[in-house]
Amino acid sequence: MPPRRKAQISSRKQPKQARSTELVATILEAAIQVLTREGAQRFTTARVAEKAGVSVGSLYQYFPNKAAILFRLQSDEWRQTTDMLRGILADKAKPPLERLRTLVHAFIQSECDEAAMRVALDDAAPLYRDAPEARTARASSDKIVQTFMQEALPKASDATRALAADLIKATLAEVGKSFSESRRTAAEIKAYANAMADMFCAYLRDLERDGR
């Protein structure tokens, strides 16, 4: 039996005119609303087109299937996260641990603000998680964190820096997701982010002091 062909996840074409750009933006905004209301399992191109007020044919000019729309939403989320990482961790005007603390607060806040959509995107992850575009996005954020770790842990070995980077990224992702599954107050978010930032900063101080 021949291998099952994977669904195309890349957009058919990129909008070049203002009108086309507006149409794509309308489709994506409608997709966010459908995704957060219906979830990934009930997400369809027909529902998105109806919400956007366009024909399915117009939608298909830019997105060949629902996987392509979901991947675009996920790509936009990855891009926003990468921009946030770069904007905070690459700011050499501030000490490394201060940058890390700022990142933790920004990340936890964003997880809570966009919890519904991120949960739905996680459900849709099997459609695109192994795509080359997904690997490229992960590699970009990994590089930013690795560069930061060289500043934060100048005495540590490469292996120690890599371990610290993996631990912090995994903890942020998993704990942030779990924390944001329930509605949180501003005070709860601040307290939780402070505690997590304290934990990370203490960990990096210990690593740097020991020179491991």
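1. Over which residues does pLDDT stay under 50? In this predicted model, that stretch is residues 1-6. The model has one contact beyond four places in sequence for residues 1-6. Where pLDDT is low, the predicted coordinates should not be read in detail.

2. Confidence elsewhere can be put in numbers. The mean pLDDT of the chain is 87, and 91% of the residues score at least 70. Taken by element, the lowest mean pLDDT belongs to α6, at 78, and the highest to α2, at 96. A reader who turns to α6 in the points below should keep its value of 78 in mind.

3. On the overall fold, the chain has nine helices and zero strands. Read from the N terminus, the order of elements is therefore α-α-α-α-α-α-α-α-α, since only runs that count as helices or strands are listed. Along the principal axes, the C-alpha atoms fill a box of roughly 60 × 45 × 40 Å. The chain has 212 residues, and 40% of them count as buried. Among contacts with a separation of 6 or more, 72% join residues 24 or more positions apart.

4. The largest pocket holds about 1000 Å³ of space. Its lining draws two or more residues from each of α4, α5 (96-113), α6 (115-124), α7 (132-152) and α8 (158-180). Of these, α8 gives the largest share, eight residues. In total, 35 residues line the pocket, and those nearest its centre are Trp78, Thr81, Phe107, Lys169 and Ala173. Sorted by class, the lining has 19 nonpolar, 11 charged and five polar residues.

5. Two residues of helix α4 deserve a look. The helix covers residues 66-89 and includes Gln74. Gln74 counts as buried because its relative accessibility is 7%, under the 20% limit. The side chain of Gln74 makes a polar contact of 3.0 Å with that of Glu77. Beyond four places in sequence, Gln74 is in contact with Leu121 and Tyr128.

6. The second residue, Thr82, also lies in helix α4. With a relative accessible area of 8%, Thr82 is buried. Which residues does Thr82 contact, leaving aside its neighbours within four places in sequence? They are Ala137, Ser140, Ser141 and Ile144.

7. In helix α8, Gly176 may be checked next. Is Gly176 buried or exposed? Gly176 counts as buried because its relative accessibility is 0%. Not counting residues up to four places away in sequence, Gly176 touches Ile108, Glu111 and Thr171. Between Gly176 and Ala202, 26 residues apart along the chain, the C-alpha separation is 19 Å.

8. Thr44 sits outside the helices, in the loop between α1 (18-38) and α2 (45-52). Its relative accessible area is 28%, so Thr44 is partly exposed. Thr44 and Asp158 are 114 residues apart in sequence, and their C-alpha atoms are 45 Å apart in space.

Key. Residues are numbered from 1 along each chain as its sequence is written. This is a predicted model: local features need pLDDT of at least 70, side-chain atom pairs count only at pLDDT 80 or more; totals for chains, interfaces and linings use all residues. Side-chain values use heavy atoms; hydrogens and water are left out. Helices (H or I, at least four residues) and strands (E, at least two) are DSSP runs, numbered from the N terminus. Buried means under 20% relative accessible area, exposed over 50%, partly exposed in between (1.4 Å probe, protein chains only). A polar contact is a pair of N or O atoms within 3.5 Å; within protein, one must be able to donate a hydrogen and the other to accept it, and residues adjacent in sequence count only if both atoms are side-chain atoms. Contact means heavy atoms within 4.5 Å. On a 1 Å grid over the protein atoms alone, a cavity is a set of points where a 1.4 Å probe fits but cannot get out, and a pocket is an open set with protein on both sides within 12 Å along at least five of seven lines; lining residues have an atom within 4 Å of a point. Grid points are joined across faces, edges and corners, and a volume is the space filled by probe spheres set on the points. Ala, Val, Leu, Ile, Met, Phe, Trp, Tyr, Cys and Pro count as nonpolar, Asp, Glu, Lys and Arg as charged, and the others, Gly among them, as polar. pLDDT is the predictor's confidence in each residue, from 0 to 100.
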